[in-house]
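Visitor: Please take a close look at the shell around the ligand, and then set that shell within the fold as a whole. Which element gives the largest share of the shell?

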Amino acid sequence: MRSHVRPVKGLAHIHAMSSLSVYRVLVTKTVLVTGGGRGLGRVTAEKLAVAGHRVILVARVAAAAEAAVEEIQHSHPHVRLEARSVDLSSLTQVRAFATTEAERGEPIDLLLNHSSAQRA
Ligand SMILES: NC(=O)c1ccc[n+]([C@@H]2O[C@H](COP(=O)([O-])OP(=O)(O)OC[C@H]3O[C@@H](n4cnc5c(N)ncnc54)[C@H](OP(=O)(O)O)[C@@H]3O)[C@@H](O)[C@H]2O)c1
């Protein structure tokens, strides 16, 4: 069976330990999850954060993103989770959001779209 975990240079000895859970935490990513306020996005954001990844949780409304982050951090105090908001049905907002994220200078490794947004 093929591994879904991408090997990283210099970590071969850890891979050899075949401790998948340790390896997953070490190969951390920054993941941006849309639809993070509820539903699949909310669950996905929590699972990834608990697995050790830095997660940017995006919801349409700022209060929803912040509430979701607070709830997850209440259960898992050490997760790296940041709240953002954008209405994904607005291309103007999406462009502004993308520009702001790019200007932060913290690359996003993975984008998981879990919003049910439709273009207006
Ligand atoms: N649940 C399933 O079994 C299933 C199966 C296959 C595929 N899917 C697909 O997976 C996606 C998520 O499913 P779900 O069940 O988690 O849906 P959901 O509970 O309805 O959640 C949808 C999420 O999308 C967000 N959203 C909607 N319009 C938005 C907009 N304009 N801008 C930003 N965010 C917006 C919602 O935010 P608000 O809270 O602000 O509305 C909510 O967080 C959907 O596209 C669905 O079609 C779901």
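Guide: Helix 3 contributes three residues to the shell around the ligand, and that is the largest share. The model is a predicted one. In total, 17 residues surround the ligand, and the closest are Gly35, Gly39, Leu40, Arg60 and Ala117. Two of these, Gly39 and Leu40, fall within helix 3, which covers residues 39-50. By class, the shell is made up of six nonpolar, eight polar and three charged residues.

Helix 3 also leads from the ligand to the sheet. The helix lies across strand 1, strand 2, strand 3 and strand 4, and its direction makes an angle of about 165 degrees with strand 1. These four strands form an open sheet with parallel pairing, arranged in the order 3-2-1-4. Strand 3 (80-85) and strand 4 (110-113) each have a single partner strand, so these two stand at the edges and one side of each has no neighbour in the sheet. From one strand to the next, the twist averages 20 degrees. In general, strands of a sheet pair through backbone hydrogen bonds.

Strand 1 (residues 30-34) and strand 2 (residues 54-59) run parallel and are joined by four bridges. Among the residues of strand 1 that take part, Leu32 has Ile56 as its bridge partner in strand 2, and Val33 is partnered there with Leu57. Strand 2 is mostly covered, with five of its six residues buried. Helix 4 (residues 62-75) lies across strand 2 and strand 3, and runs at about 165 degrees to strand 3.

Strand 3 is the location of Arg80. With neighbours within four places in sequence set aside, Arg80 is in contact with Ala49, Arg54 and Val55. Of these contacts, Ala49 falls within the range of helix 3, whereas Arg54 and Val55 fall within that of strand 2. Arg80 and Ile56 are 24 residues apart in sequence, yet their C-alpha atoms are 8.5 Å apart in space. Because burial would require 20 or more other C-beta atoms within 10 Å and Arg80 has 14, this residue is partly exposed.

Helix 5 (residues 91-104) offers a contrast with strand 2, since the helix is hardly covered: the count of buried residues among its 14 residues is zero. At 1.5 Å a residue, helix 5 should span 20 Å, and its end C-alpha atoms are 20 Å apart, so the expected span and the model agree. Gly105, just after helix 5, takes a positive phi of about 75 degrees.

For the fold as a whole, the protein has five helices and four strands, and these follow the pattern α-α-β-α-β-α-β-α-β along the sequence. Of its 120 residues, 23% count as buried. Among contacts between residues at least 6 apart in sequence, 59% join residues at least 24 apart.

Terms used
Residues are numbered from 1 along each chain as its sequence is written. This is a predicted model: local features need pLDDT of at least 70, side-chain atom pairs count only at pLDDT 80 or more; totals for chains, interfaces and linings use all residues. Two strands pair if DSSP finds at least two bridges between them. Axes are lines fitted to C-alpha atoms, for helices over the stretch in contact, and angles run from 0 to 180 degrees between N-to-C directions. Two residues are in contact if their C-beta atoms, placed from the backbone, lie within 7 Å. A residue is near a molecule or strand if its C-beta atom, placed from the backbone, lies within 6 Å of it. Ala, Val, Leu, Ile, Met, Phe, Trp, Tyr, Cys and Pro count as nonpolar, Asp, Glu, Lys and Arg as charged, and the others, Gly among them, as polar. The expected span of a helix is 1.5 Å times one less than its number of residues. A residue is buried if 20 or more other C-beta atoms lie within 10 Å of its own, exposed if 12 or fewer, and partly exposed in between; C-beta atoms are placed from the backbone.
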